[in-house]
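Please look over the sequence and the model below before reading on. The paragraphs after it go from the whole chain down to single residues.

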Amino acid sequence: MAVDVETETGEEGQQQEEDAGVSCSLDMFREYQEVCQMVESIEQQVETEVTAEKAFEDLKKILDYYQEQPHLLDPHLEELLTRLVEIVRSHPPSSPTTLQAFKYLWLITKVRGYKLIFKKLSHEVKDLLPVLQMLETPEGSSDFYASYILLLWLSIIVYMPFNMMGFDATVAGKEPQSGATVVQRVLEVIKTHLKSAQKSREMAAYLASRFVTRPDLRDEFLPQFIDYCFEVLEKESQDTVYKVFNKLGVLRALGLIFKHGKREEMLELSHKVFPRLVACGVTKSSDTTNQKACHEGHPAHWIMSWRYQRGSRSLAINVHGDRTEHLQGNVGDKNTEEEEEEDEEVGEDMEEVIDYLLQGLKDQDTVVRWSAAKGVGRVTGRLPREFGDEVVGAIMELFSSRESDKAWHGGCLALAELARRGLLLPERLPVVTPILTKALVYDELKGKCFMGANIRDAACYLCWAFARAYHPDQMAPYVNQLATGLLIVALFDREIPCRRAGSAAFQEHVGRQGAFPHGIEILTTVDYFAVGNRSNAFLNLSVQVAKFPEYTQALIDHLVQLKVIHWDSAIRELTAKALHNLTPFDPDYMAKTVLPKLLELTTSLKLAARHGSILAVAHITHALALETAKQGTALMSIIGQDVLDGIVEIVPTLETRKLLRGLDGEYMKQASAVLIEKCSLAALPLHDHDILEVWHKLLEGLVVAAEENIRLASLQALAPLWAAYFQPNSEAGLTWRDDLVERYTKALKTEKEIQSQGFSAALGYLTQPLVHGKFDVVLQALIKTTEITPETSCWAQARQQAITSIIKLVDTVGIKKDGKESEQVCEDNLELIYKALLRSLDDYTMDRRGDIGAWVREAAIITLKTLTNMILAEDPSLLSEEIVGEMMARVSQQAAERIDRTRKVAGSAFAALLHSSPRLPHIPNLEEVDSIFPKKLCDDMNWASEKSTFTLFMQLVDFPAYRPRMLLGITYAAGGISANLSRYTSEAMHGYLNARAEKVEVLAAFLETLLQQFATHQKVDRITLPLLRTMGDILSSSAVLDSVLEQDDTYISQLLTLMKKECLRCSDYHKLAAVIAVLCELLRLSSPTTKTTLTQLSLFLGYQYPKVRAVTATSLLTALQDYCDQDIVPPEHLEEVTNILEDTEWMNNLEDARKQRNRICELAGISSPQPKKK
C-alpha cells in the first residue's frame, strides 16, 4: 500500500535530542598493545606529575570506550593484572610508580567490575603481610586508588583456606601495635576504612564480609564485629560528618556479611540483629543511603520448591522451535517437599522484615525502592507458598488509585523481581496483566509536573522478566495485549529510555516466547537504535508496524485516547502527524469513529485536549482527502456532512469563547492555522462559504504574530487557502486581488518590524493567479524593504524575509526574456533584482545580538545562487558581464569573512556558480580561478574552515576584478576576536606577499587597493580598525612592502593623511593604538616623511588620554632602539631621548608629560605641537 507519510519539518526536526541510528559496538580490545606499552613504560611516565596525569587520562579514555562492552577485556585481563601486580611487588609502597600502578588497576576495576577482578587478582598467601603493611602506611590509608585496590586484593587473599591464626602474631618495630595479631590488624584496617568518605568504604565492607565469616574466625570474631557495628549505629551522630559515613560503612558490612555467610550459621545471629537494627532507629532514617543499606541483608530460610520453574530456557532451542521443555520442572518430586514446607513456621521478625521491605517499595528515592524490590524477591523465595502469596497480594495493593507514583514504581520492580525468580505464579497473570497494561502508559499530573517515566520503564522491565520466566503456553492468552502495549511504548513514549526499554522487552519476547504476531518482521524495524529518534519512531516506524492489521487500531486508539491530550505540545504535534500517516490503513475507522470523537474534544475545557484534537482533525482530514483522491471517490462520501459542519464551527467557536486570547490562545492560534491549511489542501467543499472570510481574516492577523511558530503556521496556510478558494476568475475576484496586494504592500511601510517581516513573507506566498499583473508592484515593495534607512536600520529579519520572498515570487512567476514586468522576471526588471541582492551583501548591521546583518547577507547569497541557476536554465544571455563580475567578487568576499556560517554559505555558492551547468558566462579570469578552485577540491572542501579556504581565496587578489572585494573581506576577518581567524588570515596574507616579493607591480597594486579601501571607508570603524591592524601586522612582520614604500613617497604620505583624518576627534583607544603601531613601523623606512611621522607621534605623546601617551612612549622607545641605524633622531641626542621616554611617568600629569614631549621634539629637530587657541 502506498502511503503519504507526514514528515517532521521546521525547527523541531532539527533539535532532536536523541542519539539514534548508528551502532557503535566494538568487536575486540584493539588498544591492547598500546595499553601494554603504557604499563611497561610506567616508570618513565611518573618522572613528572604532568606526564603521570596525562598517562592516567589517556588510559582512562581508552578503557572508557569499553564501559558498555567490558567483556572484551577478558582475554587480556589476567596478563594486565599480573603485570601491574608485579610492578606493585617490585617497588616501594610509597613510590610514584606503585601509586600509578594502583591508579591503572582502579581504572580496569571500574570498567570490568570488582567481582570479576576479585577472581583474577593474585591470591598467594605470601602477599598477605605485604598488602596488610601497605594498607597500614599513610599512603595506603589516604590514597583512594591504593586503598581501594589493596582492600580488594586483601579480600581474595583472606578468602583462601589457610589457618589465619597460625601467622606470626606481632608487628616488629611498632610499639603501639606490639603483640597485635594479623587478625586484629586486618580488623583495624577494616574499621579505619569503614569511616572513609570515599568508595574504599564499600570495599572495606566487602573485605569484612569475607574475613569475619571465615570458618576459623567466625565463632570468635563475627559476634565481636557485629557488636562493634552496633556501637557505631547506636551512637549519636553529632560529632563530625565522618560519623555518617561510618554508619553507612557498617550497615553495608552487615548486609554483605549476611549475604555471603552460610544460611545455617547466620540464622541464629539474624534473630538478634534485626531487633537491634529496629531499636537503634536506622530503619526509620530519612537518609537515602541508610535506607538502601538497611534493605540489603536479612537472611531467610532455604529456597522453597513451590517456585514456578520453566525448565530449559535456551534461546537456541527456542529459535529451532523445540518446545519440549517442562512447564513446572521436576513436578513429580515436589509433593513431599511441599508437605514439609507447610510445617515450616515463619518467625515474627520475618513479618517485620517483610513489612519493612514493603514500605521501602514506596520510598521517595529510587535506589531505596530498587533495593527493597530485590529484598522482597530474595525473602519471598524462602517463604512457604501461602506466605509468599500473601506478599504478592500486598504488592498488588500498591497499584490502587490512592497510591502515589512511587508505589507504582516500587510495585513494578518488585513484581519483576518475583517473576524473575519464579515466585509470581502463572495463576496471578490474569490479575497482573491489566495492571501491567496500565503501568505501560502511566503518566499522571503531580503538582506542575507529570510523573510516570520511571513507572513505564519498570513496566517494560516486568515484561522483560515475563519473557524469561514463563512458558509460551502460559503466556498465550496475554500475547496480543503485551505485544501491543510494548509496541506502543517503543513507538510513542516521550522518553528515549522508555522507548528503548519497550523495544528491548519486545525483542526478549520474540526471542524467548516466539509468539508475538509478526515479531521478527517488526523487530528488524523497531530496534533499539531506531526508536532512539522520537520523530522517526512516531512518523516512520509506526507506519511499518501499522501494516499488520493486529496492531493498526490499537496504535490509533492509543494516539487518540492518550497522546492527543498529552501535556507536551511537541508530542501532540507528532501525534497529529502520526495519525495522518496511519489513516490510509483504516480510513473508515478514522472517518466514522476517530473524527467524531476528536471533534468533541475541540471544545474541551483543557487546553491540551483542544490543541491536540484540532491538530489531529486537521491532519486526518487531509489524509482522508488524499486517500479518497487515490480511490477516485469524494471526500464527503466518507466523512459526512456532520463532520464537515463540526470542522467549520471550530474557529468561530474559539473566537466566540475568546479562546484565541492570552497564553493559551498562542497554542490555539497555531492549531487553527494548521487546521485551515489542511482543510484547504483537502479542498473541502466550502466555496462561497462565509467561513472562508473568517479564516482569511484570522490568518492575516496571525501573519504579524510575535511568536515565530504561529507566524510560520499562518504563512503556510495562506498559500493553500488562496489556491483552493480565492481564484480571481471574475471581476469581483480581480478587485479583491488588487485590494489584497495594495493592503499588503502598504503594510510594509510601518513603524513595526514584525509587521514588515510578516507581510513581506506573506507576499512571497502569493499564488500565480494573485500575483499575475501585479508582480512589478510587489517586487518594488519588497526591494524597497531590503533597503536600509535610519528608521529601519535594525530590521535585519524584515530585510532577510523580503529577500526570501523575492526568490519565492521569481519561482512562482517564472523567467522570460521578453516577458512583461507586471507578469514575469524579464530583461527589464532582472537588473533591479540583482542590484538589490548585491546591495544586501553590504548589510553589516550590529546590535546586542551581534552581527545581525549576516542573516541578510546569507539570504542574499542563497538567493543569488538560486536566481542565477534559474536564469541559466532559462536563458543565460540575460546575465550581463557587469552583474556576473560584481556577483562573483562580492560572494568571494563573503567567503573570506569572520563568521564561519556565512563563509560556509558563501563558499558553497561560489563553488556552485563557478562550476554550474550550464556554465555561467562572463566569470572574470575564469581559467585562472578554475585552476585555483578545481571541481574535485570544491566538492571536498569544508568552506567554514578558515585554515583551508583563506590561502585559496587570497590568490584572487592577483586579479583586478576580485582584488578590492577580497582585500575588504580579508582585512575585515583579520579584525575578528577569534585567535584562529586572526592567525590564518595573517598566514594567508603573508604567504601571498612573500610569494610575490619580486613582483613590484603586484605589491604596488596591493598597497594601492588597501589605501583606496581606507579612503573609501573613512571613519567606518568596522573597516578602518582591522585595516590598520592588518597594515601594522604586515609592516612589523615582513619587509616585502618596504621597497614599494621607499620608491614612492606618495604611498606613505597618503597613508599619513588618511590616518590623521581617522584620528581626528577619535576617542577609541584601540584605533589610536593601531595608528601608533603603524606610525612606529614607518620610522624604519628611509623616507623624507620620517619627520612628519615623528611629528604625528609627538601629538600622541601629549594626548589627553594617559593610556594613549603611555603606549606611544613604549612603542616609540622600541622603534628607536630597534631602528637606531636609521637616524630617526640625531645620534648625539638618541640616548637622552630614550632616557626621557623611559623615565617619564606618562600616565601622570598631562602638563609634565607635554613638557617632556616638547623636549623630545627639540632634540629630534621637529617643531613642538602647539595647543589650539580657543
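What follows is a walk through a predicted model, beginning with the chain as a whole.

The chain has 1174 residues, and 53% of them count as buried. Its secondary structure comprises 60 helices and 4 strands. Contacts often link distant parts of the sequence: among those between residues at least 6 apart, 73% join residues at least 24 apart. The surface that the chain exposes comes to about 52,300 Å², and carbon and sulfur atoms supply 50% of that area.

The next topic is the interior. In soluble globular proteins, nonpolar side chains tend to be buried together. The largest nonpolar core of this chain holds 296 residues, and the members that touch the most other members are Ile395, Phe466, Phe933 and Phe1006. Helix 26 gives the most to this core, with 10 residues. A second core, of 89 residues, is separate and includes Cys36, Ile157, Phe221 and Leu256.

Ile395 can be followed further through its neighbours. Leaving aside residues up to four places away in sequence, Ile395 touches Leu358, Leu361 and Val376 on the one hand, and Gly411, Ala414, Leu415 and Leu418 on the other.

Helix 26 also offers a residue to look at individually. This helix covers residues 479-492, and Thr484 lies in it. Is Thr484 buried or exposed? Thr484 has a relative accessible area of 13%; because the cut-off for buried is under 20%, Thr484 counts as buried. Beyond residues up to four places away in sequence, Thr484 touches Tyr551 and Ala554.

Helix 6 allows a check of geometry. It runs over residues 96-112, which makes 17 residues, and at 1.5 Å a residue these should span 24 Å. The expected span is 1.5 Å times one less than the number of residues. The end C-alpha atoms of helix 6 are 24 Å apart, which agrees with the expected span. Of the 17 residues, 14 are buried, so helix 6 is largely enclosed by the rest of the structure. Just after helix 6 comes Gly113, with a positive phi of about 95°.

One stretch carries an annotation from a record. In an unreviewed entry, UniProt lists residues 144-162 as "transmembrane region". In the model, the chain over residues 144-162 is 74% helix and 0% strand. The C-alpha atoms at the ends of this stretch are 29 Å apart.

Notes: Residues are numbered from 1 along each chain as its sequence is written. This is a predicted model: local features need pLDDT of at least 70, side-chain atom pairs count only at pLDDT 80 or more; totals for chains, interfaces and linings use all residues. Side-chain values use heavy atoms; hydrogens and water are left out. Helices (H or I, at least four residues) and strands (E, at least two) are DSSP runs, numbered from the N terminus. Buried means under 20% relative accessible area, exposed over 50%, partly exposed in between (1.4 Å probe, protein chains only). Contact means heavy atoms within 4.5 Å. UniProt positions are given in the numbering used here, feature names are shortened, and annotations may be inferred rather than shown by experiment. Accessible areas come from the Shrake-Rupley method with a 1.4 Å probe; for residues, only the protein chains shown count as cover. A nonpolar core is a set of buried Ala, Val, Leu, Ile, Met, Phe, Trp, Tyr and Cys residues joined through side-chain atoms within 4.5 Å.
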